[in-house]
Amino acid sequence: MRDFTSILPLQLEAVSYRAGDCCLLDRISVQFRAGSRSLILGPNGAGKSLLLRLCHGLLQPSDGVLSWAVDRPHAQAMVFQNPVLLRRSVRANVTYALALRGMSWRMRQRRADRVLEEAGLAPRARQPAAILSAGEKQKLALARAWALRPEVLFLDEPTANLDPGATKAIEQTINAMHAAGVKIIMTTHDMGQARRLADEILFLHRGRLCESGPAATFFAQPETREAAAFLRGELLV
Ligand SMILES: Nc1ncnc2c1ncn2[C@@H]1O[C@H](COP(=O)(O)OP(=O)(O)OP(=O)(O)O)[C@@H](O)[C@H]1O
Ligand SMILES: [Mg+2]
C-alpha cells in the first residue's frame, strides 16, 4: 500500500560538493516543493547534473545539509541523458525494475503493459531494448520511471539530441506525470523547452545558484548579469 506522507519538500542548506581542490557546487540553498515543475538551467559545466545527482542521493554533499521531509528513497526516480537500459527486452526493462521493488508477477505484467501502451512502445515490447532508436530509448527510460510511480522525478536533459517529434512525445509524458502529481525536477539546454515546461527556474553558473524563482519572472526580468547574458544566447564561460 502506498504511503501518502509526502517526501517533499526537499531542502538544501548551503550544500557544497568538492572534488579535490575544486568546489563544483558552492553553498546551494533551495527548497523544492510539491506541485511545480522546477527546471535547472545554466551553461555546460555549471553543475546541473551534479546537483540532480546530489538530490537523488547518488552523491553525498561535502558540506551543508540536504534533507527530505520524509526519508523514503523509493519515492524518487531519475532518468539520465543517456538512459541506462538492461540487455533485455523492452518489456523486461520495465518488469525487472518493478520486481526489484517487490511487486508481484501479475502486477508487474499489468503495469508494464500499461506504461508501454501509454508511451507508444507496446508494438516494441518484445524487442531487445538495445535496438531501439535514441528517442525510443528515452521513452522507455521515462516509461520505466513512470511505472515506479515516484513522487519526485529527476530528469537530466531528457530530450538532448532528439528531434522535435520525439521531444514533443517526451514533453507530453512529463506533463502527464506532472498532472498526476509527480514533482518534476529537470535540466535542459533547450530554452524553448524551459519556457514550455517550467513553473520555476534555478539558474546555475560555475557551481553557484545565481537565481531561483518563478519562470515568468526569470524570463521577463532576470536579476543577474549572467542569467541575462545566458537568455540572450551569449556564450557564458
Ligand atoms: N566526479 C567528478 N569529479 C571531478 N569533477 C567532476 C565530477 N563530476 C563532474 N565534475 C565536474 O563538475 C563540473 C560540473 O559538471 P556537471 O556535469 O554537473 O555540469 P552540467 O552543468 O551538467 O554541464 P552540461 O550542461 O555539460 O551537462 C564540470 O566541470 C565537471 O567536469
Ligand atoms: Mg549535465
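Let us start at Gly57, which takes a positive phi of about 90° just after helix 1. Helices here are DSSP runs of H or I with at least four residues, strands are runs of E with at least two, and both are numbered from the N terminus. The model is predicted, so local features need pLDDT of at least 70 and side-chain atom pairs count only at pLDDT 80 or more, while totals for chains, interfaces and linings use all residues. Residues are numbered from 1 along each chain as its sequence is written, chains are lettered from A and ligands numbered from 1 in the order in which they are written, and side-chain values use heavy atoms, leaving out hydrogens and water.

Stepping back into helix 1 (residues 48-56), you will find that its buried residues are Lys48, Leu51, Leu52, Leu54, Cys55 and His56. Buried means under 20% relative accessible area, exposed means over 50%, and partly exposed is in between (1.4 Å probe, protein chains only).

Helix 1 also brings us to ligand 1, since it gives the most to the shell around this ligand, with 3 residues. The residues around ligand 1, including Pro43, Asn44, Lys48, Glu157 and His189, are those with a heavy atom within 4 Å of it. Oxygen atoms of the ligand have polar partners, too: a polar backbone atom of Gly45 is 2.8 Å from one, and a backbone N or O atom of Ala46 lies 3.1 Å from one. From Ser49, a polar side-chain atom lies 2.8 Å from an oxygen atom of ligand 1. On its own, ligand 1 has 640 Å² of accessible area, and the protein covers 57% of this; such areas come from the Shrake-Rupley method with a 1.4 Å probe.

Next, follow Leu41, which is found in strand 3 (residues 37-41). Leu41 counts as buried because its relative accessibility is 0%. Among the residues Leu41 touches are Lys48, Thr188, Met191, Phe218 and Phe230, leaving aside residues up to four places away in sequence; contact means heavy atoms within 4.5 Å. The C-alpha atoms of Leu41 and Ala227 are separated by 9.2 Å, although these residues are 186 residues apart along the chain.

Now for the charges. Side chains of opposite charge can pair when their charged atoms come close. Taking a salt bridge as a side-chain nitrogen of Lys or Arg within 4 Å of a carboxyl oxygen of Asp or Glu, the count comes to 10. In one of them, Arg18 pairs with Asp63, with the closest N and O atoms 2.5 Å apart. Arg18 lies in strand 1 (residues 10-19) and Asp63 in strand 4 (residues 63-68), so this pair ties together parts that are 45 residues apart in sequence. Arg124 and Glu136 also meet in a salt bridge (2.9 Å, N to O). Here the loop between helix 3 (105-118) and helix 4 holds Arg124, while Glu136 lies in helix 4, so the pair ties together parts 12 residues apart in sequence. Arg124 is partly exposed at 30% relative accessibility, whereas Glu136 is buried at 18%. Salt bridges that share partners also join Glu171, Asp190 and Arg196 into one network.

Helix 4 (residues 134-147) is also the place of Arg144. Arg144 is buried yet has no salt bridge, and the nearest side chain of opposite charge, Asp156, is 14 Å away. For charge, Lys and Arg count as positive and Asp and Glu as negative, with His and the chain ends not counted. Beyond residues up to four places away in sequence, Arg144 touches Val84, Leu85, Leu86, Asn93, Val94 and Ala97.

Conventions
Polar contact = N/O pair within 3.5 Å; in protein donor to acceptor, adjacent residues only side chain to side chain.
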